[in-house]
Structure formats: C-alpha cells, structure tokens
Amino acid sequence: MLEGVLSVPFWVEMLATLTGAISGSMHAVKHDYDFFGVACLACVTGLAGGIIRDVLLQDYGIYAFQRWELILLCIVVAIPVFFFCRLLEKFDLPMDILDTVSFALFAIIGASKAWAAGMSVLPATILGTITAVGGGMMRDLLIIRPPKIFQSGTLYAVAAFAGALVFALMKHFAVLPGAAAWVGLAIILVLRFVSVFFHIETKPARDYSDKVEALAARVKGKL
C-alpha cells in the first residue's frame, strides 16, 4: 500500500482534496449538472490527479480507494455547492487562493509520494505535476472543453513542475531535505501569484516558416 511509504500528513491530503472538490463542484453546477454529476465532478477534480499518479506508480494500489474518507469528503463538499453555489461565488478571491494552495499541495504531495516510492528526480517531478493538474484536466474533459493547462495563460503547470523539481532535487542531493516540501511549495505559490499579478503568460505556438523561407530565397538569389 502506498500509505506505507508516505511522509505526507493525512490532513494535508484532505485539505488539497477539499479545495479541488469545491472547484469541481462549482464548475459542474455552472454547467447545469444534476447532483450525481456535481458529486462525480467533485470526486474527479479532487482525486483524479492522485489516481493517475498511483496507476503510474503501479505497485502501491490506488490511495484514494485505500482512504475512503477522501471520496466521502468530495461527496459531502458537493452538497453545499449544489444548493448554494451563487453564495459561494461571492468568495471568489478566497476560493482562488484556496484553489492555488490546493494545486501547490497536490504537486508536492505527488512528488513526495513518488520519491518515497523510490522514483528518481525526473519521474518524481513528472508525477508531482500530474497529481497537481490531473484533476483539473479530467474536469475540463468531462465538461467538454479543451484542458486549460494546455492553453496559453498564466503559469500553472509550469509552476507545479518547477516546485516539484526543486523538491526532488533537494531530496536527491540531501540539501535541507526536511525543508524541501516547504521550499517547493513556496516556489509554486510565488510563481503562480506573481504570474497572475504581473500578467506573465505562456504563449501559443507561432509559425516562423515564412521567415525561414524568405531567408532561404534571399540566400538562393545571391548564389
């Protein structure tokens, strides 16, 4: 069981799951899902990233199924959101902050579990990133829209990758290993909030083929 190799307090896992479930529930309500749909989307957003991670780890089972409290938490969270979504929307700023904290916690939780399970730096970083963004990606697919993490915008998956990478490197080289989780978490939060505040965004692909063709034509004309 994955729980046997964990170094992450269970309350941290519950906090991350809670905020993910709230986000999923609110998206479901806005798309006119019934209660079953709202509860399902709460579970998907709160747990899917970890489930994907555990499937890739292969040898430790699905942690969300080992700790049924996490599934129950998602379902319970869906109830007030289903009936009072409009009231909750008035707390946009606190909800955005909680969502960012949840996303950062998931990245470090994922990387920590992968590291504890014997993964090296790069796999631990990738699994940390997957844990952070997997729930939101599956949520977007279920509401039939392109996954937000693959679109240009403020730093999201990039922030998760950076924080998980620093965490894994600190663990690998034994540089303040006890503080690695806090450092990784801080990097994710700083990158995320700075990118939002200063509108630092990734850009979509831009085709420079015309410039290469023009340069080739000029070179050819001089020969």
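Before anything else, a working definition: a residue counts as buried when its relative accessible area is under 20%, as exposed when that area is over 50%, and as partly exposed in between. Cysteine 85 has a relative accessibility of 8%, so this residue counts as buried. Please keep in mind throughout that the model you have in front of you is a predicted one.

Let me stay with the cysteines for a moment. A disulfide is a covalent bond between the sulfur atoms of two cysteines. In this structure there are zero disulfides. For cysteine 85, the nearest cysteine sulfur belongs to cysteine 74 and lies 16 Å away, and cysteine 85 is in no disulfide. Cysteine 40 is likewise in no disulfide, and here the nearest cysteine sulfur is that of cysteine 43, at 6.5 Å. Because a disulfide requires a pair of cysteine sulfur atoms within 2.5 Å, that separation of 6.5 Å between the sulfurs of cysteine 40 and cysteine 43 does not qualify. As for its surroundings, cysteine 40 has a relative accessibility of 31% and therefore counts as partly exposed.

Now I turn to a pair of helices. Helix α5 covers residues 92–116 and helix α6 covers residues 121–142, and their axes come within 7 Å of each other, crossing at roughly 145 degrees. The crossing of α5 past α6 is right-handed. If you want to follow the contact on the structure, look on the α5 side for Phe103, Phe106, Ala107, Gly110, Ala111, Ala114 and Trp115, and on the α6 side for Val121, Ala124, Leu127, Gly128, Thr131, Ala132 and Val133. What is the character of the residues in this contact of α5 with α6, in terms of nonpolar, polar and charged? There are 11 nonpolar residues and three polar ones, while no charged residue takes part.

In the loop between α5 and α6 you will find serine 120. With a relative accessible area of 43%, serine 120 is partly exposed. For a sense of distance, serine 120 and lysine 222 are 102 residues apart along the chain, and their C-alpha atoms are separated by 53 Å.

That leaves the charged side chains. How many salt bridges does a search of the whole structure find? The search finds five, and I will go through some of them.

One salt bridge joins two neighbours in sequence, arginine 53 and aspartate 54, whose closest N and O atoms are 2.8 Å apart. Arginine 53 has a relative accessible area of 1% and is therefore buried, and aspartate 54, at a relative accessibility of 3%, also counts as buried.

The others I want to show you come together at aspartate 140, which is found in helix α6. The side chain of aspartate 140 meets that of arginine 139 in a salt bridge, with an N to O distance of 3.1 Å. Aspartate 140 also forms a salt bridge with arginine 145, and there the closest N and O atoms are 2.9 Å apart. Arg139, Asp140 and Arg145 are thus linked in a network of salt bridges.

Are the members of this network buried or exposed? Arginine 139 and aspartate 140 are both buried, the relative accessible area of aspartate 140 being 1%, whereas arginine 145, at 30% relative accessibility, counts as partly exposed. Finally, leaving aside residues up to four places away in sequence, aspartate 140 touches Arg145, Pro146, Pro147 and Lys148.

Conventions:
Residues are numbered from 1 along each chain as its sequence is written. This is a predicted model: local features need pLDDT of at least 70, side-chain atom pairs count only at pLDDT 80 or more; totals for chains, interfaces and linings use all residues. Side-chain values use heavy atoms; hydrogens and water are left out. Buried means under 20% relative accessible area, exposed over 50%, partly exposed in between (1.4 Å probe, protein chains only). Axes are lines fitted to C-alpha atoms, for helices over the stretch in contact, and angles run from 0 to 180 degrees between N-to-C directions. Helices (H or I, at least four residues) and strands (E, at least two) are DSSP runs, numbered from the N terminus. A crossing is left-handed if the near helix is turned anticlockwise from the far one by less than a right angle, and right-handed if clockwise. Contact means heavy atoms within 4.5 Å. Ala, Val, Leu, Ile, Met, Phe, Trp, Tyr, Cys and Pro count as nonpolar, Asp, Glu, Lys and Arg as charged, and the others, Gly among them, as polar. A salt bridge is a side-chain nitrogen of Lys or Arg within 4 Å of a carboxyl oxygen of Asp or Glu.
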